Structure formats: structure tokens, C-alpha cells
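Trainee: I have just opened this one and would like a guided tour. Could we go through it by question and answer?

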Amino acid sequence: MQMDVNPFEYKPRSRDCREKATLIGELKPVHPQPLDGRAGCETWSVEFSPDGSYFAWSLGHGIVKLLLWPLEEDPGPGPEDHWSSACKNYNYNTARRKNMKKEKTLDCGQTVWSLAFGPRLSKHAETQMHDSKPGPSTDVLSSLLLATGLNNGNIKVWEVRTGHILFNLTGHQDVVRDLTFAPNGGLNLVSGSRDKTLRIWDLTNDRKKAHVLTGHINWVYSCCVSPDCSLIASVCGHNLVYLWSMRSYTFIKNLEGSRYFLVSCDFSPDGALLITAAFSKQIILWDPYTGEPLMKLRYGLRVWPLFGSFKIVFRYNVHGWHFIAWPVAELCLGFEEFCIMSNL
């Protein structure tokens, strides 16, 4: 049964959903004067590492900063003091330094549109691993990696510990808009591109040849993998959701029910729900197995694309009971306007 609900009804107090959150900090890139404010300086993607110890930030002009997390406020000698760091007025947790983790700068050589840390592990996969014998381990498999999707269609994969590039994956013919590692603890990487394709890469395969999924009618904006790694979902700026088999690399079906152009998608932590968002003010929760839209939510801020420069972002909390949605126009460590919604 489908429900069409305004999420504000879920709030226990009669307060406007668009409330001011606590601002933890603001990261401001320091670019050379000739590049400051010019095309290419945009932040298109940020990402936390699975263990929460790193924050990756594409700060423009092909540069990705790997910052240690959490950031720790430094009182400093006074307001007149200025640091030369890209992240001003903050230093890094002392314990991180003792563990020999350091801030790193990665020069990707092209505008960075997407980021993904891996390997990562869902709770479902973690349970499966406890019940099975451990597989063979390699140096690469034991390392934290960061994949960067570039403007020229290439994907560069970096070892976080050393800051060295491990792989340069080629095949996409246009901007790589989204990246995600399959949440099974392995090194299967899914990429979505403006060339209207998805590619699934096995980084343990020496040939690095991808499985290519075709059939989108527009740019691929977002893709995600279900927690049990059986399904891939993708959206391409149209009103359809595309479901694919992660096991056979074949198209399964479209989910229909949205009237708006979909630009973001994500599975709930248990895999029971798929959530999609559009540039309009509608979010839909789907049953990915029956294809039924279970609930349509309207958030209070309508966001229209400005030459594709806005993006709707949402994330489930660890239990999957709530999710948060917000429009991204600039990078702040906190949310200027946001909506918290409940699945219950």
C-alpha cells in the first residue's frame, strides 16, 4: 500500500523542519590567485572512510584532501592569526598522529566528481563472514583505498596509507558521476557515468576489465549496491529507477511511480528499502523486490538544478530507522537546512 506523507507530521514537536543545526566547522580551499573562483574550483564530492578516521574532500582543480577525522578545534593566539593550511583554524586529533596517520593531498590531474572508500562491509556481509572461513589476503585487500571519478572518464584508485596511485581505470567516455564499493569487504567497484553506462570493476583482477551495463536513456547520476550485494540500483535524471543483478550483470527491471527526474538513490542498511530523491521536493521509499513505491515524502525545500550544479544527498543512519536529506550547494561540516525523516 502506498502512502503519500509529509515528513513534518513525524516530528514530535511543532517546529519547522528547516532548523539551524550546529555548525562544526567550515572548510575553505586555498587556491593560487589565478585559479581562485574560476571554473574547476567547485567541491563536487566528499566522503568519510568506513572507520570514520578520514574525510576525503574534492576541493577543486583536481585536488583531493584526505583529512584526519575528527577535526579538533585549536584555540589559537587570537583572531588575527592565520594558518596556511587548506583547513584553517583546525588541527588534527593527537591520537591520529600517534597512529602515524597523516593528512594527504592527492593530485588527480582532472576535476574530481565522485569519491568512494573501500573496502567496506555491510552488517549483512559481516554476519556472513563470521559464519565462513576467511579468504586469502593480499596487501591491497588489507589496505584502505580511495577511488576518484574524474572529468575525463578515468577512475584513479589510491592507497590511503601511502598516498600512492594503484590503478588508473579507463573505459568510461565521459564524467564519472558516482562511485561505490560493493559492501562485502571485497574490491568490486561500481561506477556510473555521463556516458550512460555502469561499469563493475574487480580490482583484484590483473586485467581490470569491467562489466559494462547499458540501457540508461540519460546521464547516470547515482548508483548503489544492496547490502547483500545482489542488486545494483541506478538513476539517470529520468523518472525511472533501474535495477540490475550484481551476480549476473544483467538488467532486471525498472521501478515506475515517480513523476520527477531522479538524481540520487540508496539502499537501507537491511536492504529492505530503496530510497530515491529528485530535484523536486519528493522522496520515494520503494520495495526493491516487488517494485512497489511504499511511501512518498515531501521535504520542505524545493531545489531546482542550476546547470547540474546542485545535488540532493541523503544518508540512512546505522540502524536504518531514520534518514537525512539535504541539498548540496557548498561544503559545510553541518547542515544549513535539513530534514530528518522516519521510516516508522
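**A first sheet, then the rest**

Mentor: This is a predicted model. Start with an open sheet of four strands, ordered 8-9-10-11 and paired antiparallel.

Trainee: Which strands are the edge strands of that sheet?

Mentor: Look for strands that pair on one side only. Two fit that description: strand 8 (112-118) and strand 11 (164-169).

Trainee: By how many degrees are neighbouring strands of this sheet turned against each other on average?

Mentor: Here direction is ignored. The average turn between neighbours in the sheet is 20 degrees.

Trainee: Which residue in strand 9 stands opposite Leu115?

Mentor: Strand 8 and strand 9 (residues 145-150) run antiparallel, joined by six bridges. Opposite Leu115, in strand 9, is Thr148.

Trainee: Is Trp158 buried or exposed?

Mentor: Trp158 sits in strand 10 (residues 155-159). Buried means under 20% relative accessible area. Trp158 has 8%, so Trp158 is buried.

Trainee: Which side chain does the side chain of Trp158 join in a polar contact of 3.2 Å?

Mentor: Trp158 touches a list of residues beyond four places in sequence, including Leu106, Cys108, Thr148 and Ile165. One of them lies 10 residues away along the chain, with C-alpha atoms separated by 8.1 Å: Thr148. The 3.2 Å polar contact joins the side chain of Trp158 to that of Thr148.

Trainee: Now the whole protein. How many strands are there?

Mentor: Of the 344 residues, 49% are buried. Residues 24 or more positions apart supply 50% of the contacts with a separation of 6 or more. The protein has two helices, and its strands number 26.

Trainee: What share of the area the protein exposes do carbon and sulfur atoms supply?

Mentor: The protein exposes about 17500 Å². The share from carbon and sulfur atoms is 51%.

Trainee: Where is Ser230 found?

Mentor: Begin with another open sheet, of four strands in the order 16-17-18-19 with antiparallel pairing. Its edge strands are strand 16 (222-225) and strand 19 (251-255). Ser230 is in the loop between strand 16 and strand 17 (231-235).

Trainee: Is Ser230 buried or exposed?

Mentor: Leaving aside neighbours within four places in sequence, Ser230 contacts Trp244, Ser245, Met246, Arg247 and Tyr289. Its side chain also makes a polar contact of 2.8 Å with the side chain of Asp228. The relative accessibility of Ser230 is 11%, so Ser230 counts as buried.

Trainee: Which residue in strand 19 stands opposite Trp244?

Mentor: Strand 18 (residues 241-245) pairs with strand 19 in the antiparallel sense, over four bridges. The partner of Trp244 in strand 19 is Phe251.

Trainee: How many residues of strand 3 are buried?

Mentor: Strand 3 covers residues 54-60 and is mostly covered. Of its seven residues, the number buried is seven.

Trainee: Which residue takes a positive phi in the hairpin of strand 2 and strand 3?

Mentor: Strand 2 (residues 46-48) and strand 3 run antiparallel, joined by three bridges. Val46 stands opposite Trp57. The hairpin has five residues between the strands, and the one with a positive phi near 75 degrees is Gly52.

Trainee: And in the hairpin of strand 3 and strand 4, which residue takes a positive phi?

Mentor: Six bridges join strand 3 to strand 4 (residues 63-68), again in an antiparallel run. Ser58 faces Val64 there. Two residues lie between the strands, and a positive phi near 55 degrees belongs to His61.

Trainee: Let us end on the rings. How many aromatic pairs does the count come to?

Mentor: Rings of Phe, Tyr and Trp pair if their centres lie within 6.5 Å. By that rule the aromatic pairs come to eight.

Trainee: Why is the pair of Phe48 and Phe55 tilted?

Mentor: Planes under 30 degrees apart are stacked, over 60 edge-to-face, and the rest tilted. The ring centres of Phe48 and Phe55 are 4.9 Å apart, and their planes meet at 50 degrees, so the pair is tilted.

Trainee: What is the pair of Trp244 and Phe251?

Mentor: Their ring centres are 5.3 Å apart. The planes stand at 75 degrees, so the pair is edge-to-face.

Notes: Residues numbered from 1 in each chain as written. Predicted model: local features only at pLDDT ≥ 70, side-chain atom pairs only at ≥ 80, totals over all residues. Heavy atoms only, no water. Pairing = 2+ DSSP bridges. Axes fitted to C-alpha atoms, helices over the stretch in contact; angles between N-to-C directions. Buried < 20%, exposed > 50% of the residue type's maximum accessible area, 1.4 Å probe, protein only. Contact = heavy atoms within 4.5 Å. Polar contact = N/O pair within 3.5 Å; in protein donor to acceptor, adjacent residues only side chain to side chain. Areas by Shrake-Rupley, 256 points an atom, 1.4 Å probe, with all protein chains shown as cover. Phe/Tyr/Trp six-rings, centres within 6.5 Å; stacked < 30°, edge-to-face > 60°.
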